[in-house]
Amino acid sequence: MRDLIARALVWALSVLVPHRPGRHSAAFLAERPETPLVDPWLKPWSTPTPAHVRALYSPLRGEDVALVRPYCRLDDTLDFGVIHERRTAAVLATLGVDYPYGYEGDHFETLAAFAAAGVTA
């Protein structure tokens, strides 16, 4: 009986009290005035887009493009020979083999001279 009384009271109050739409309902959103968007990013750039940026967003079409894009060329930027020598020396060092290696621009001769002279850092 208490449940029936509570439900009747809620129904009576919902009929008598004016109902406001919820915040996320279509009726509530329709009542709000539309605010104009003011955003500096909505304006187009005043300068033309550079060619390398346009190339990033252009689609790849078969024979028209190279297999490697010009901004991804690895052969000019990395020297894998040095990395290969270091990895070989590291693997052989774990096996207990002394593998002397060198590359252009290394500092091993300078360090050996300091060690022979007894200089420590």
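This report describes the helices, the surface and the salt bridge of a predicted protein model.

**Overall composition**

The protein chain contains 5 helices and 0 strands, and its elements follow the order α-α-α-α-α along the sequence. Of the 121 residues in the protein chain, 4% are buried. The area that the protein chain exposes is about 12,000 Å², with 63% of it supplied by carbon and sulfur atoms.

**Helices α1 and α4**

Two of the helices are described by their end-to-end reach. Helix α1 covers residues 2–16, and its span from first to last C-alpha is 21 Å, close to the 21 Å expected at 1.5 Å a residue. Helix α4 covers residues 80–94 and likewise reaches 21 Å, close to its expected 21 Å. Just after α4, glycine 96 adopts a positive phi of about 90 degrees. As for cover, α1 is hardly covered, and 0 of its 15 residues count as buried.

**The salt bridge in α1**

A search of the whole structure returns 1 salt bridge. The partners are aspartate 3 and arginine 7, whose closest N and O atoms are 3.2 Å apart. This distance qualifies because the cut-off between a side-chain nitrogen of Lys or Arg and a carboxyl oxygen of Asp or Glu is 4 Å. Both residues belong to helix α1 and are separated by 4 residues, about one turn of the helix. Aspartate 3 is classed as partly exposed because its relative accessible area is 48%, whereas arginine 7 is classed as exposed because its value is 58%. The dividing value between these two classes is 50%.

**Accessibility of selected residues**

Valine 15 is another residue of helix α1. The table lists its accessibility beside the values for the salt-bridge partners.

| Residue | Relative accessible area | Class |
|---|---|---|
| Aspartate 3 | 48% | partly exposed |
| Arginine 7 | 58% | exposed |
| Valine 15 | 51% | exposed |

**The nonpolar surface patch**

Valine 15 also contributes to a nonpolar surface patch of about 680 Å², together with Leu9, Trp11, Leu13, Leu16 and Val17. Valine 15 meets the accessibility condition for such a patch because its 51% relative accessibility lies over the 30% required of patch residues. Helix α1 thus holds both partners of the salt bridge and valine 15, a member of the nonpolar patch.

Note on methods: Residues are numbered from 1 along each chain as its sequence is written. This is a predicted model: local features need pLDDT of at least 70, side-chain atom pairs count only at pLDDT 80 or more; totals for chains, interfaces and linings use all residues. Side-chain values use heavy atoms; hydrogens and water are left out. Buried means under 20% relative accessible area, exposed over 50%, partly exposed in between (1.4 Å probe, protein chains only). Patches are made of residues with over 30% relative accessible area and no salt bridge: like charges are joined within 9 Å, nonpolar side chains (Val, Leu, Ile, Met, Phe, Trp, Tyr) within 5 Å. Accessible areas come from the Shrake-Rupley method with a 1.4 Å probe; for residues, only the protein chains shown count as cover. The expected span of a helix is 1.5 Å times one less than its number of residues.
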